[in-house]
Amino acid sequence: MTTLTTMQDPAAAGPERHNPFLVWLKGQYPLFILIVLLIIAAVASDSFFTARNLTNVLLQVSVIGIVTLAQFLIVLTGGIDISVGSVLALAGVLSAGFLGGNNVLLAIVVAICVGLIFGILTGYLVAFRGLEPFIVTLGVMALARGLVYAYTEGVPVRPGAEGFRDVATSTVFGIPILGLIWVALALITAFVVRRTVLGRRIYAVGSNKQAAYASGIPVKSTLMAVYAAAGVMVGLSGFLMAARIGAATPTAGSLFELDAIAAVVIGGAVLSGGRGTVTGAVTGTLILGVISNLLILLNVSAYLQDAFRGALILFAVVFTTVDFGKRITRNKRMS
Amino acid sequence: MMQTTTVAMAEVAFEIDNVSKEYPGVKALSNITLTGYRGEVLAICGANGAGKSTLAKIIAGQEHPSAGQIRVEGYHSEIRSPANAEDAGILLMHQEPLIIDTFTVAENVFLKELSGANHVKPWNLVSKKKTTMAEEALAAVGLSNISPSAATSTLTPGLRQMLAMSRTQVNPHNILLLDETTASTTEEHFQDVLALVEKERSEGTSIIFVSHRMQEVFSMSDRIAVLRGGRLIGVRNTRETDHDEILTMMVGESVAKLDASKSGPGEEVAPMVKVRGLASGSAKNIDFDVRPGEIVGLYGLVGSGRSSIARSISGQQDRDAGTVEINGRFVHPKTPRHALAAKIAYASEDRRKEGFIPAFSNGHNITLTTLERYAKFGVLNLKYEARRVDELIAKFQIRGTGTSFTANLSGGNQQKVCLAKWLETEPDLILLDEPTKGIDVGARMSIYQTIRTLADLGKAVVVISSEAEEIMMLCNRTLIIRDGAIVDRMTSNDNTIDDVIRASLGGKEL
């Protein structure tokens, strides 16, 4: 039981003299931000806590939520993937367009395969060729988006199958299936990173690749597995996105990479790898979702919404680097 | 061979005033007082761990003394930082030359100018005039055949060191600190260094030469200060002493045999590990055996190739030639993972870099090598794992719990975590690289005990160490490594610590 808690706490590596409770509390800050936001939302807008609006929020964050899970896995290994949005779009247009998009099951398989292929490509270049994830995924981003435009010629692809939208529109006990898929994937990801050999290896590789290698961890195949799994999730999101809109648009998923990275970071994961939790990534996604929903309800201009989001990212990263025990000495040294 | 320095009449260049340095659990220097004079070469000698590098770092302002101070004549304050040291006119030559590979030779000559923002004009870092100056500086250190515009990356280690030395020509200084600078220099370049030092000295520079190479110390210095165990044992005028006296001062007089009772398995026991003709990195043609239950020591100076031997056996680095046989089976692990499967464990000397995962708790670190044992179809049984971790924490007397972080532990406890991790793999051959590096005396004993226990369990143990005392106490046999080759084999019954150190320094023939 106790071994579980150590990984949950991204900030717990501070010196031992710190009060463990305060350290734990600090590790939970994404949750506090979310709670504060929900309180603000409840006060500022009557329409926020309505079943209709909450369902809407869930629908809005589910797809980006799954992409964030993929990003989270990659960030855990110390990598970064800026191609998620483009691969999502390519998976979407191909799943809607392949054989006219007449078979939903086939569409899903196509979407997942597209994601998997790009995941394996990225994974191969990063793990086996030792290339920088940022540069590799920069290339993949341009490649995939280019293929999207070439395939669609800029026109949205409408799938032929009647049930194409079902996944995105139907509900179980009033909860959208789309949201349930996100939750299920989050639970699976959490299980994998915390309860499996692969998960432990992912943290080890992300925290200290050299020590992991020296300890006999198969570093390359661990990285490969992460990029492949992330690719599958991104591919699936491509289908889900198309299903939600009813058509696969060539611009789908643009800037998703930034939102996903932001959510992961706000959720407390460290970009250098080895630290972070699924709970954090999910909370980060919800924080961003609630903010944009709230700002829309309050009729704040779309431009300002971006500014809010940016400010929040800055706040989150600054906050994670503040060491409460040491702040006084640091200020002293500066003066 | 060099002119006499009349100490009484010479001008003081710097004073090391009652300097002590403590690291957590270790006293690296105690009450060192030493004066340097202009126009003099002062050598600072000592065996591994004597504190000479620490003293060099303090003089260069890179470390703060815990007590005492460094004063430079004509400089207003004590030396507290590298900037202080530079202002005071101390020029440091590192063991590893500070060379930026992507810069040209000339740019590297003038590297220091990059740090003084006030007088740098970025557009003429290497102007025509500078190129001429660089040529002259290079010629002064015997590098006249190297073009200032050449790429640095192609230079050999010896040439790189000389390139760094050429900065003496362009950076004004009163004190030249050579910190093991000649460690990678070849004989011909050493003559250039000698000429350079001679020239500097005649110009009134005070030169500090930190080294353990007897021959170089004697051919270069005017006075020799000997450190041992962080204390200043004495200062001798080079003319009035000899190799033997200095070596005795470095090693210590009371060189008794330690714990000679343990003799290890006898000749009749068949070797478990046979290494033949091993070559990797700087190590070449290495032959040795390890019997089950035997602890074999590899002693040599840092850089002598001893780590290459262990790392190439354990798949951490490539093997150029040779075979390794364990229990009659030839093994050639290409990666640490293969080595694990072949029942070889290697505990690195660099715990922070290769030893443990900083984001992991003690428990997770300990089970890192044996994760599959706690898993069914890749799913971990955390309870089973935690139970085993608790057992091991108790067995190895690790301070802390399974859930506290290894990164926060003392060096000794971190090492215990690493040992526990490797012993869990139940290896036949265990290679321990500097197992007590940076570990205080109290924790050392329990690590020694653990190592002895391993041998008693019938494992083949190889210990690499820089400390002759440790290796003689711990090992049944010790192989002396010098310049990548085994030059001697010793046992604690037949040899003294003195023998070991002399053999590793090549002191006998000198």
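These notes cover chain B of a predicted model, its contact with chain A and one of its helices.

1. Overall build. Chain B holds 17 helices and 21 strands. Its C-alpha trace spans about 70 × 55 × 45 Å along the principal axes. The radius of gyration is 25 Å, which agrees with the value near 24 Å for a compact globule of 510 residues.

2. Interior. Of the 510 residues in chain B, 48% are buried. Among contacts in chain B with a separation of 6 or more, 69% join residues 24 or more positions apart.

3. Contact between chains. Chain B contributes 33 residues and chain A 27 residues. On the chain B side, at least two residues each come from helix 10 (336-341), helix 11 (351-355), helix 12 (362-366), strand 17 (379-380) and helix 13 (382-395). By class, this side of chain B has 16 nonpolar, eleven polar and six charged residues.

4. Length of helix 4 of chain B. This helix runs over residues 128-140. Its 13 residues should span 18 Å at 1.5 Å a residue, and the end C-alpha atoms lie 19 Å apart, which agrees.

5. Two sides of helix 4 of chain B. The buried residues are B:Ala134, B:Ala137 and B:Leu138. They cover an arc of only 95° around the axis, so they sit on the same side of the helix. An α-helix has 3.6 residues a turn, so residues three or four places apart point the same way. The buried residues of helix 4 pack against helix 3 (105-109) of chain B. On the other side of helix 4, B:Lys128, B:Lys129 and B:Thr132 are exposed.

6. After the helix. B:Gly142, just after helix 4 of chain B, takes a positive phi of about 80°.

How values were computed: Residues are numbered from 1 along each chain as its sequence is written. Chains are lettered from A and ligands numbered from 1 in the order in which they are written. This is a predicted model: local features need pLDDT of at least 70, side-chain atom pairs count only at pLDDT 80 or more; totals for chains, interfaces and linings use all residues. Two residues are in contact if their C-beta atoms, placed from the backbone, lie within 7 Å. Helices (H or I, at least four residues) and strands (E, at least two) are DSSP runs, numbered from the N terminus. Ala, Val, Leu, Ile, Met, Phe, Trp, Tyr, Cys and Pro count as nonpolar, Asp, Glu, Lys and Arg as charged, and the others, Gly among them, as polar. The radius of gyration is taken over C-alpha atoms; the globule rule is 2.2 Å times the number of residues to the power 0.38. A residue is buried if 20 or more other C-beta atoms lie within 10 Å of its own, exposed if 12 or fewer, and partly exposed in between; C-beta atoms are placed from the backbone. The expected span of a helix is 1.5 Å times one less than its number of residues. The arc is that of the directions from the helix axis to the C-beta atoms.
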